[in-house]
Structure formats: C-alpha cells, structure tokens
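Open the model in your viewer and keep the sequence panel beside it. The stops below say what to select and what is there.

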Amino acid sequence: MTNLTTERANPESAKIDQMTSFEAVRVINREDAKVAAAVRRALPEIAEAVEVIAEAIAGGGRLFYVGAGTSGRLGILDAVECVPTFSVSPDLVQSLIAGGEPAVTRSIEGAEDRPELARRDLAKRGLAKADVVCGIAASGRTPYVIGGLEYAKSLGAKTIAIACNMDAPIGAQADISIGVDVGPEVIAGSTRMKAGTAQKMILNMLSSGAMIRLGKVYGNLMVDVKVSNQKLAERACRLVMRLTGADAEHARELLARANNEVKAAVVMARTGVEYEEASQMLISADGKLRAVIGNVTD
C-alpha cells in the first residue's frame, strides 16, 4: 500500500461506477469542496512565497514554474495569463514542462523521470541567482521537478515547492515548501482532479499576489491590463472612466495619447501632465499608481 495520499483509493467514491450521473457528480462536487480548506492551511507558506517572488521580480529576477503532466500545464496556464493581465514581458514568468512543447497537448512518456532534463531546460533559459524557481508536483517526488529545484539551489536562486502530499521530497529541495493534503482523488491517482484544483488555486495566489505587491493592481482593478483586443480595450476605457470621471470619448482619447496604458492615462487626467511626464512619475513611484494619485473615491 502506498503512503502517498494522492495514490490512495477514496472510500467516498468506491461505488462511483454504479452511480447515476447525478450521484457521481455530487460525489465529485463534495470532494472538490474540501480543496479550499486544504489550501487555507498552507496560507502562511503561500504568503511567504508571494513576498519572495515579488522581491525577486523587483530586483530584476524572473519566476520559473517547473512541472510535468498536469502540474506542468497548470504552470504554463498561469505564466501565459500574466502577460495580458499585468502587461509583463513573456520572459518574466516562464514555465517549463517535462518533455517540452509537445508535452503541452500529449503525454511524453519517461520525460518526467529524467532530472537532468530540467537542469538542461533551465540552463537554456539562462537561470540566474536573481530568479525564483517554483517546482510543482502533485506527488511531490517527480524527478524532473527535483532536478530543476536542485539546479536552482546550486546557483543560489530562491526555490519554492508545491505538492499535494505532506513531507514530499521536493519540499526538501526548496526554501519554501507548500504542502497541501486534499485527500485521495475521486478516481484514485487522477491528480488532475482535486490536486490540480489545489495547484491552480495556489498558482493564482502566487502570481496575482506578487503582481499586487508590485503595484500592478489599484484597489482591485486591473490597471496594468495589456490592451491586445477589443474586449481589453473596452476594459481599459472603463477603468480610465472609473478612476478619472471622464466620459467614454475622453477616456479613449486619453488612452490614445497614453499608448493604451491605463495608469499613464489616469495620471494624465488627474495631474494635467502629458504621457512622457506621467510615465516618469510612475517610474519614480515604482509603477504604483496609488503613490502618484493617492486614493480615488468612486
């Protein structure tokens, strides 16, 4: 019998193959409801990791996720979404998956069992001491992830581990170990389910928390949104309207003069300066809009 919680059979779903569809999804839903409570118990470690990531990025470092299978794909999802949400470079938050790009859409057998591949992949990305490496593995023992964390430590980079088994081996390779016990999966060993949900929740907190600390959110508003399509252009316009009192036409005009940067447009509207000066004011404030315009009352 395995000691890994993620590999055990769940007694709550022992007869799920004999259930109606409604009964089956009710069991799944009941088990999913346990995930948030499990993640809550790890909040101190998650918050510590947020501070480490924010400090590293502020100092010119980058964040790398390293995972295999579902864990690797979740890292990719989080990294990719940072670009439009916070207008950061694709290089700032990167994700490596065992087996490389082909593994995003199909299983690459054996890749996760080779720790040297993670060392090679991180070396290709130019991993440096200023960076942070976050290893993600539901089992907590994936060799590819361990190899990545070991390589990061050898360079002096900060390391974080996320696992869904307590006292996982990857935790021993990390400065901060985030262990979340979500219990056995509804389908034994299928860690794309509760474990995957827990990992997604944690990654949301890590990237969003760090970006909040770095001033990329004002209140709860996405003021560093990258205007790359019509939906986001409309969101940017609404943000400028809300924070300046401008009407839609004036907000669009401000954004056009501000290179579609919401924060610069808001500073221009509230201080009367032009784009270049607004940009410099934001740079001097480390990109934090509140430090330039203070509090805005709706």
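**First stop: helix α6**

Select residues 143–155, which form helix α6. This helix has 13 residues and reaches 19 Å from its first C-alpha to its last, close to the 18 Å expected at 1.5 Å a residue; the expected span is 1.5 Å times one less than the number of residues. Helices (H or I, at least four residues) and strands (E, at least two) are DSSP runs, numbered from the N terminus.

This is a predicted model: local features need pLDDT of at least 70, side-chain atom pairs count only at pLDDT 80 or more, and totals for chains, interfaces and linings use all residues. Residues are numbered from 1 along each chain as its sequence is written, and side-chain values use heavy atoms, with hydrogens and water left out.

Now show the side chains of α6. Tyr 144, Val 145, Ile 146, Gly 147, Gly 148, Leu 149, Tyr 151 and Ala 152 are buried. Buried means under 20% relative accessible area, exposed over 50%, and partly exposed in between (1.4 Å probe, protein chains only). To see what covers these residues, add β1 (63–67), β2 (93–97), α5 (115–124), β3 (132–137) and β4 (158–163), which are among the covering elements. Just after α6, pick Gly 156, which takes a positive phi of about 90°.

**Second stop: the sheet**

In what order do the five strands of the open sheet lie? The order is β2-β1-β3-β4-β5, and the pairing is parallel. Two strands pair if DSSP finds at least two bridges between them. Select β2 and β5 (176–179) to see the edge strands, each of which pairs on one side only. From one strand to the next, the twist averages 15°.

Move to β1 and its two neighbours. Five bridges join β1 to β3, and these two strands run parallel; one pair to pick is Gly 67 with its bridge partner in β3, Ile 136. Another five bridges join β1 to β2, again running parallel. Here, Phe 64 has Gln 94 in β2 as its bridge partner.

Stay on β2: five of its five residues are buried. Val 93, Ser 95 and Ile 97 lie on one side, with Gln 94 and Leu 96 on the other, so colouring them by side shows that both faces are covered.

Next, add helix α4 (residues 69–86), which makes a right-handed β-α-β unit with β1 and β2. A crossover is right-handed if, with the strands pointing away from the viewer, the path from the first strand over the helix to the second runs clockwise.

**Third stop: helices across the sheet**

Bring α6 back into view: α6 lies across β1, β2, β3 and β4, running at about 165° to β3. Axes are lines fitted to C-alpha atoms, for helices over the stretch in contact, and angles run from 0 to 180 degrees between N-to-C directions. Contact means heavy atoms within 4.5 Å.

Then select helix α3 (residues 43–58), which lies across β1, β3, β4 and β5 and runs at about 140° to β5. α3 has 16 residues and reaches 22 Å from its first C-alpha to its last, close to the 22 Å expected at 1.5 Å a residue. Its buried residues are Ile 46, Ala 49, Val 50, Val 52, Ile 53, Ala 54, Ala 56 and Ile 57. They pack against α2 (35–40), β1, β3, β4, β5 and α7 (194–213). Just after α3, Gly 60 takes a positive phi of about 95°.

**Fourth stop: cysteines**

How many disulfides does a search of the whole structure find? The search finds zero, counting a pair of cysteine sulfur atoms within 2.5 Å as a disulfide. Cys 82 is in no disulfide, and the nearest cysteine sulfur, that of Cys 134, is 12 Å away. Cys 82 is buried, with a relative accessible area of 2%. Cys 134 is also in no disulfide; the nearest cysteine sulfur there is that of Cys 164, 12 Å away. Cys 134 is buried too, with a relative accessible area of 0%.

**Last stop: two residues outside the helices and strands**

Select Val 223, in the loop between α7 and α8 (230–244). At 1% relative accessibility, Val 223 counts as buried. Not counting residues up to four places away in sequence, Val 223 touches Lys 216, Val 217, Tyr 218, Leu 239, Leu 243, Val 262, Lys 263 and Leu 289. Val 223 and Leu 289 are 66 residues apart in sequence and 8.5 Å apart in space, C-alpha to C-alpha.

Finish at Ser 13, in the segment before α1 (21–32). Ser 13 is buried, with a relative accessible area of 6%. Not counting residues up to four places away in sequence, Ser 13 touches Val 27, Glu 185 and Val 186.
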